[in-house]
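The report below describes a model chain by chain and then turns to single residues. Please read it with the sequence and the structure at hand.

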Amino acid sequence: MNRKEQIIEALLFLCGAISVLTTLGIIAVLFFQTIEFFSEVSLKDFLTDTQWTPLFAIKHFGILPLVTGTLLITLIAIIIALPIGLSIAIYLSEYSSKGVRKIVKPLLEILATVPTVVYGYFALTVVTPFLQLIIPGLSGFNALSPGIVMGIMIVPFISSLSEDALYAVPSSLKEAAYALGSTRLQTSLKVAVPAASSGIMVSVILAVSRAIGETMIVAIAAGQQPRLTFDPRVPIETITTYIVQVSSGDVPNGSLEYRTIFAAGLTLFVITFILNNISFYIKKKYREQYE
Amino acid sequence: MNNEQVKTLKNNAFKIWAIIATSIGLIMLAVLLIKIGMDGLHRLSFDFFTALPSRRPEQAGILTALVGTLWVMVTTAVFAIPIGIGAGIYLEEYARKGWWSSFLEINISNLAGVPSIIYGLLGLEIFVRTLHLGQSILSGSLTLSLLILPIVIVSTREAIKTVPSTMREASYALGASKWQTIWMQMLPAASGGIMTGIILALSRAIGETAPLIVVGALMYVPFVPKSVFDSFTVLPIQIYNWVSRPQAGFIINAAAAIIVLMLITILMNGAAVILRNRWQNRVKW
Amino acid sequence: MSNIKKTSTKRQSEIVSAESTTAINEKLLGKNPSKPMKKIEIKNVHCWYGDFHVLRDIEMAVDPNTVTALIGPSGCGKTTFLRIFNRMNDLIEGFRLEGEVMIDKKDIFSRELRVNELRKKVGMVFQKPNPFPKSIFENVAYGLRVNGITNKKIIAETVEHSLKQSALWGEVKDKLHKNALGLSGGQQQRLCIARAIAIEPSIILMDEPTSALDPISNSKIEELIYDLKQKYTILIVTHNMQQAARVSDRTAFFYLGDLVEFDETKTIFTNPKNEKTQNYITGRFG
């Protein structure tokens, strides 16, 4: 009996340990391959070269074009998602009735469950042609269209988490503002939003981290051409799409080209790891504040 | 206009903007659904489901992709469900409060935030190359299992947390052991929440494309996989493949395949929502 | 159904249940069921939650087949005291106990003793009725199942017998497979008592068992406690002085972690020796 309990506990411990092994595995795989990569390419070239052409005859290994491509797309996505997501959050928490919130919230969350290839299809076949009508000279593949679509995709991340944060603001604070004759808008912007600011920040950071890691929308609609530019009208490539591009081709295992995807992956991992941990830190501080 | 009127005006203006903002997302969703419906609905036929991929768009079908998706889902579930529930139980019931449990917790939150393509790189090195499983269904499912593990773990923990501690005490007081208490009381009482989490996690896995491409799922598979060691493709990759082609016929195929994929995802999410509501309403302690 | 038939089935079931009781005892206590554990003696017992000293130097002896009421203001340690005997305090992180707790001359904190063996013999009824979200039948059967009893006939008979003992059988016999959460609060609490006695404990701990119930359910449970005394040793925590006076043989008064007075219930309520006891039972504080 006791023996059986011990075996079960050991098995459950193993299940828990798998999550740790996963993390260790990710770090080990990325590091080992990246170290091999840097035995052939200097760190200086990697960080300062302005071209990324590992698959060409004349090879350049500057990560910058991929990083700027990633940042550009993320920036566009946040410019779209932040005002929309935050307005929705304020509207749902401060204006709408309970009934409206109960219907709208899950509907918006559908946006987050749509597979990303579907968004890619949407960006390529609907948004890009539409934008081409407005913006002359917009290339068929560009950063703008997938950026906008990604923005729509991450709206529920911002609206849901921000709404939770706004909702958690003690109603006594809001009532004090109303008692002084504030309108709902004034109360929301001057009392509720500042009080919920750390929660809102967490939602934005998580949305950014999600946008940086997003792959398929960009792979389909942004053109897969690494280019050091902040012009949203031309084709670009992000870190994630480069990995997909190499993986769908025939790059031999163990070659330098093969290792580039791990160096790119490590860059991506480090960025999202830092962002995620900033958000955990804020969340933890914010929780202590209220308890 | 006096100050009061300006205040009211601004307030009303915001209200209108907020309603527009809320609608933008929903309108986009509607446009998306209408667009894929218009593009792809007429392409859906019996043949589309039973045909192998082809160079000619009008003869191509999704059979191999659909079967591949089913294979990957079932094997992913086989790995992820027991391990995820086990880890959730361990964290909630066994791990002592202290550095180890907070380390595990931070670790799982971090894993949940790792971009899915990174899991692809992990799977490529560990499963495909080191363990020599090749570019097989098994490698793909193991990779996806690790990807959705944090979702299963977190929902298991949340579901167990909702079971009142008086259940645990009542069971212990009758001489039940720790595992008997968990297996016979806690898990059945938490099953609704755990099931909901599992369905959501699997519906996430069904839509994943990037990690499977990295692990080596193929773009073009002219045969139906017969075992977990076969190479494979899945619906999202088939869609990606078709979207990437210049011919209009393939775009239509992509739209039709998207309808199938969306139906599966919506059905799964709907089931999860219904399950969650029923579970929450059924037991009121 | 005719009256005669009813009586005969009833008698039959009593005979069978007597047999099944032996079967359970054999299963629970081994082939040679020694005298069931009933007598409680504790000496020099101290308890802590972390640094908080909840119980100080408690000494007490409880005779078999008696009802002992534990009274005292909130936070005096009486619930902690109750939970010593089935070691439920062990589940709380930071709990520590020193001293000697003997049930039938056996130290219940000794290494040889398995805690779930102890809990089979020391049943517990909680403050709020806490039936499992399962059928009425499964609630009562649970204690048997976790103790390795699989014989369906024995389980069915024990369930019936326990429900009869807890005076619930008549109300639930037609809906044994309905969810227990559909019962009223008073019925749920009697179900919890049935669940506790199904595994034939020798001691039953009750932690304010009627505080969440209406007066009618309350009096039903009190009657039940009186009946159960014939078979079990009962310790009951209560905030209700009348209840303590009605159901118990002896009463222990706790105050701020000390056992202030322990005597015949009659003596405690009519002629307490300590002034604090006097003040408490007359309602001057608490």
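Chain A holds twelve helices and zero strands, where helices (H or I, at least four residues) and strands (E, at least two) are DSSP runs numbered from the N terminus. Read along the sequence, its pattern is α-α-α-α-α-α-α-α-α-α-α-α. This is a predicted model, in which local features need pLDDT of at least 70 and side-chain atom pairs count only at pLDDT 80 or more, while totals for chains, interfaces and linings use all residues. Residues are numbered from 1 along each chain as its sequence is written, chains are lettered from A and ligands numbered from 1 in the order in which they are written, and side-chain values use heavy atoms, with hydrogens and water left out.

The C-alpha trace of chain A spans about 75 × 70 × 35 Å along its principal axes. Of the 291 residues in chain A, 56% are buried, buried being under 20% relative accessible area, exposed over 50%, and partly exposed in between (1.4 Å probe, protein chains only). Chain A exposes about 12,500 Å², of which carbon and sulfur atoms supply 67%; accessible areas come from the Shrake-Rupley method with a 1.4 Å probe, and for residues only the protein chains shown count as cover. Among the contacts in chain A with a separation of 6 or more, 72% join residues 24 or more positions apart, a contact meaning heavy atoms within 4.5 Å.

Two residues, one from each chain, can be set side by side.

| Residue | Place | Relative accessible area |
|---|---|---|
| Gly199(A) | helix 9 (residues 197-213) of chain A | 9%, buried |
| Thr233(B) | loop between helix 9 (210-215) and helix 10 (235-243) of chain B | 1%, buried |

Leaving aside neighbours within four places in sequence, Gly199(A) is in contact with Ala165(A) and Tyr286(A). With the same kind of neighbours left aside, the contacts of Thr233(B) include Thr64(B), Ala65(B), Leu218(B) and Gln238(B). The C-alpha atoms of Gly199(A) and Phe61(A), 138 residues apart along the chain, are separated by 39 Å.

Helix 6 of chain B (residues 137-162) has 26 residues and should span 38 Å at 1.5 Å a residue, which agrees with the 36 Å between its end C-alpha atoms; the expected span is 1.5 Å times one less than the number of residues. Helix 6 of chain B bends by about 40° at Ile148(B), with a proline, Pro150(B), following within four residues, the bend being the angle between axes fitted to the seven residues ending there and the seven starting there. This helix 6 of chain B is mostly covered, as 21 of its 26 residues are buried.
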